[in-house]
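Visitor: I have never read a structure like this before. Could you walk me through it, one feature at a time?

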Amino acid sequence: MVETLSAKDARRIALAAQGFARPRPANPDRRRLLSTIESLGVVQIDSVNVVSRSHYLPLFSRLGAYDRSLLEAMAWGKTPDLAEYWAHEASLTPLSTHPLLRWRMQDALDGVGVWKNVAAFLRSHADFLDQALAAVAERGPLAASELELGAKGEGGWWGWSEGKRAMECLFWTGRLTTATRRNSFERVYGLPEKVLPKAITETPTPSRAEACRELLKISARAMGVATERDLRDYFRLGVTDARDGVAALVGDGTLIPVAVKGWEQPAYLWPQARRPRAVKTAALLSPFDNLIWFRERTERMFGVRVRLEIYTPAHKRTHGYYVLPFLQDEAITARVDLKADRKAGKLLVLAAHAEPDADDATAERLAGELALMASWLGLSGVEVRPTGDLAPKLGSIIRVAA
């Protein structure tokens, strides 16, 4: 018999799997940061810095105020714990995941699917790419701006120069990796054998099927309970890769088929997933947070339609430019459009909107998280603009607290 879970139980399992059922540590250290990232499996990178670059935020949401330099050292220091590659999108993953993505590097080399432009560039600029690779081998890690090769950007591929295109193609195919980042988050490219630990570069390459099964296991553990589409999206796997992988994992007992009330599709349970009776938490969520990045799953689990409005014209936006949903216990109860005004030293709440699950405590608990975020970002306080139905109450609480 297939077990049936209530929607509430499924949501609690998912929240626990994502790290929201544990109390925040007093002083999160490097080990705690790494264990959190290992539990999540992957952290998406995004360069938008309106509040903070997105990869810093999932750890703040789960651990509270932590030293961001720890994450930078883990990702781009001399002895990294993380590797950078195209996992969900551009992402950081534990080092052990890097070999599981070599099939994607091969897809880029072969021009499969979305990688066709990469393969075309590789074919048409073979000598140029050899020169770029030789420059990194001779001079050590280089940014594309330091590569004195090729024409400047003229519009194609986001206006990239030929040097930048070359470095990115070499990165996507695995012949280069990210050694560090500097200045305005500029990627510096290095040879994998010089950047990554020997134990990783010498790991035998798994077959595509084996790698996808391992990625699905990471996804299932990180989500607790999920549909095949949920599992597929976590590492952006193909339909066939995900379908075959899930079938294999069900067949060997790694995943347990379940039904979730209200979910139209079959679901799969990670056998070791925690099943808390209740989840008590408060967290501001990056729009790229693992919990909500697959919008179909977010709406199914929380009854909230989350959309990224950065590319929507200002007059057509519903909630704002860089909007962070507020997770209050087991519900998304509010959304705030935030901006870090570093010159004025304020975290600006440009708009604050309540969701149907908001209650009398929402504004006060949200105010507490905003104050914590402002302090973590090195800002002196929070300022609420009078936009949105939650703004008056939120602003009043913050003014009193100040």
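Guide: Gladly; we will take helices and strands in turn, and please keep in mind that this is a predicted model.

Visitor: Let's begin with two helices that touch. How are packed helices described?

Guide: Two packed helices are described by the angle between their axes and the distance between the axes. Here, helix 2 (residues 30-40) packs against helix 4 (residues 68-76) at an angle of about 65°, and their axes are 10 Å apart. The crossing of helix 2 past helix 4 is right-handed.

Visitor: Which residues of helix 2 and helix 4 meet?

Guide: From helix 2 come Arg30, Leu33, Leu34 and Ile37, and they meet Leu70, Leu71, Ala73 and Met74 of helix 4. Sorted by kind, the residues of this contact are 7 nonpolar, no polar and 1 charged.

Visitor: Now helix 9: why is it described as largely enclosed?

Guide: Look at how its residues are covered. Buried here means under 20% relative accessible area. In helix 9 (residues 162-172), 10 of the 11 residues are buried, so the rest of the structure largely encloses this helix. Among the buried ones are Lys164, Arg165, Glu168 and Trp172. Just after helix 9 you will find Gly174, with a positive phi of about 85°.

Visitor: And strands? What should I know about their side chains?

Guide: In a regular strand the side chains alternate between the two faces of the sheet. For a case to look at, try the open sheet of 3 strands, ordered 2-4-3 with antiparallel pairing. Strand 2 (43-44) and strand 3 (82-86) are at the edges with a single partner strand each, so each has one side without a neighbour in the sheet. Strand 3 is joined to strand 4 (residues 90-94) by 5 bridges, and Ala83 stands opposite Thr93 in strand 4.

Visitor: In what sense do strand 13 and strand 14 pair, parallel or antiparallel?

Guide: Antiparallel: strand 13 (residues 331-341) and strand 14 (residues 346-354) share 8 bridges. One pair to find is Arg335 with its bridge partner His353 in strand 14. The two strands make a hairpin with 4 residues between them, and Gly345 in the turn has a positive phi of about 75°.

Visitor: Where does the chain go after strand 14 on its way to strand 15?

Guide: From strand 14 it passes through helix 16 (residues 362-376) to strand 15, making a right-handed β-α-β crossover. Strand 14 and strand 15 (residues 381-384) pair in the parallel sense over 4 bridges. To spot this pairing, look for Val349, whose bridge partner in strand 15 is Val384.

Methods: Residues are numbered from 1 along each chain as its sequence is written. This is a predicted model: local features need pLDDT of at least 70, side-chain atom pairs count only at pLDDT 80 or more; totals for chains, interfaces and linings use all residues. Side-chain values use heavy atoms; hydrogens and water are left out. Buried means under 20% relative accessible area, exposed over 50%, partly exposed in between (1.4 Å probe, protein chains only). Two strands pair if DSSP finds at least two bridges between them. A crossover is right-handed if, with the strands pointing away from the viewer, the path from the first strand over the helix to the second runs clockwise. Axes are lines fitted to C-alpha atoms, for helices over the stretch in contact, and angles run from 0 to 180 degrees between N-to-C directions. A crossing is left-handed if the near helix is turned anticlockwise from the far one by less than a right angle, and right-handed if clockwise. Contact means heavy atoms within 4.5 Å. Ala, Val, Leu, Ile, Met, Phe, Trp, Tyr, Cys and Pro count as nonpolar, Asp, Glu, Lys and Arg as charged, and the others, Gly among them, as polar.
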